[in-house]
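User: Could you take a close look at the salt bridges in this one for me? I'd like the cut-offs spelled out as you go.

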Amino acid sequence: MNFLAHLYLSENNTNIMIGNFIADHIKGNNYDGFSEEIQQGVFLHREIDTFTDAHEVVRKSKRRLHDRYRHYDGVIIDIFYDYFLAKNWADYSVIPLDIYTDSINKFFYEISPELPLKSQNFIKYMIQYNILFNYQFKDGIERVLNGMNTRTKGKSQMNLAIEDLTILHQEFENDFTIFFKDLQNFTVQKLQEIN
């Protein structure tokens with residue numbers, strides 16, 4: 001899953017949210033300087049990623065993609081799934097998406113200096129382009145895919161994935177809906193184990 005889903009699945013626990021957010025910017029167990037709860041957020045993020053990668057519905061989504069993306073298929077599906085979460089946000093939260101993402105942006109802007117440099121850089125980008133809010137729009141997803149393609153120097157061809165999303169929109173949305181219910185149940189269980 002991508003950033004919006006990881007934040008949402010943190011259940012408004014700010015320390016779990018921080019860990020869940022910075023996890024991709026921390027190598028191995030290099031998080032000793034953070035509180036126990038932030039470390040638990042890193043652990044939760046990794047558990048979510050492992051569960052996601054192994055899930056049959058996610059594998060089915062990856063197979064739906066054009067084979068040109070090779071090992072980037074998982075990144076693309078993560079982005080697609082965040083799009084469907086944002087697009088259908090009212091089904092998952094009573095807090096409107098604009099209010100939720102605005103509060104997230106403000107929160108991470110304030111704590112940014114305490115986080116890893118890669119996280120700080122992403123926070124600037126996230127706020128500047130209002131990424132989390134714009135996940136709900138196809139042009140927002142297209143911007144993210146174009147950015148990812150640029151970062152891979154064109155090797156990923158992720159900029160073309162918007163075509164796959166358009167052609168198989170309903171199939172991907174159905175996959176997301178089935179999978180996300182399982183992921184929510186899994187995350188609730190993991191949070192209970194952590195606590």
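Analyst: Here is a walk through the salt bridges, with a short stop at the core and the surface afterwards.

First, the ground rules: this is a predicted model, where local features need pLDDT of at least 70, side-chain atom pairs count only at pLDDT 80 or more, and totals for chains, interfaces and linings use all residues. Residues are numbered from 1 along each chain as its sequence is written, and side-chain values use heavy atoms, with hydrogens and water left out.

The structure holds eight salt bridges, each being a side-chain nitrogen of Lys or Arg within 4 Å of a carboxyl oxygen of Asp or Glu. Take Arg64 and Asp175: their side chains meet at 2.8 Å, N to O. Arg64 sits in helix H4 (residues 56–64) and Asp175 in helix H11 (residues 169–194), so this pair ties together parts that are 111 residues apart in sequence. Helices here are DSSP runs of H or I with at least four residues, numbered from the N terminus. Asp175 counts as buried at 3% relative accessibility, while Arg64, at 27%, is partly exposed. For those labels, buried means under 20% relative accessible area, exposed over 50%, and partly exposed in between (1.4 Å probe, protein chains only).

Another long-range pair is Asp164 with Arg68, at 3.5 Å, N to O. Asp164 belongs to helix H10 (residues 161–167) and Arg68 to the loop between H4 and H5, 96 residues apart. Both of these residues are buried.

Glu193 and Lys190 make a local bridge at 3.2 Å, N to O. They both lie in helix H11, three residues apart, about one turn of the helix. Lys190 is buried at 12%, whereas Glu193 is partly exposed at 48%. Glu47 joins these two in a network of salt bridges.

Now for the nonpolar side. The largest nonpolar core has 61 residues, and Phe80 and Phe108 have the most contacts inside it. A core here is a set of buried Ala, Val, Leu, Ile, Met, Phe, Trp, Tyr and Cys residues joined through side-chain atoms within 4.5 Å. H5 gives the most to this core, with nine residues. Leaving out residues up to four places away in sequence, Phe80 touches Leu65, Leu145, Ala161, Leu165 and Phe172, where contact means heavy atoms within 4.5 Å.

Out on the surface, Val94 counts as exposed because its relative accessibility is 84%. Val94 is placed in the loop between helix H5 (73–87) and helix H6 (97–111).

Note on methods:
Helices (H or I, at least four residues) and strands (E, at least two) are DSSP runs, numbered from the N terminus.
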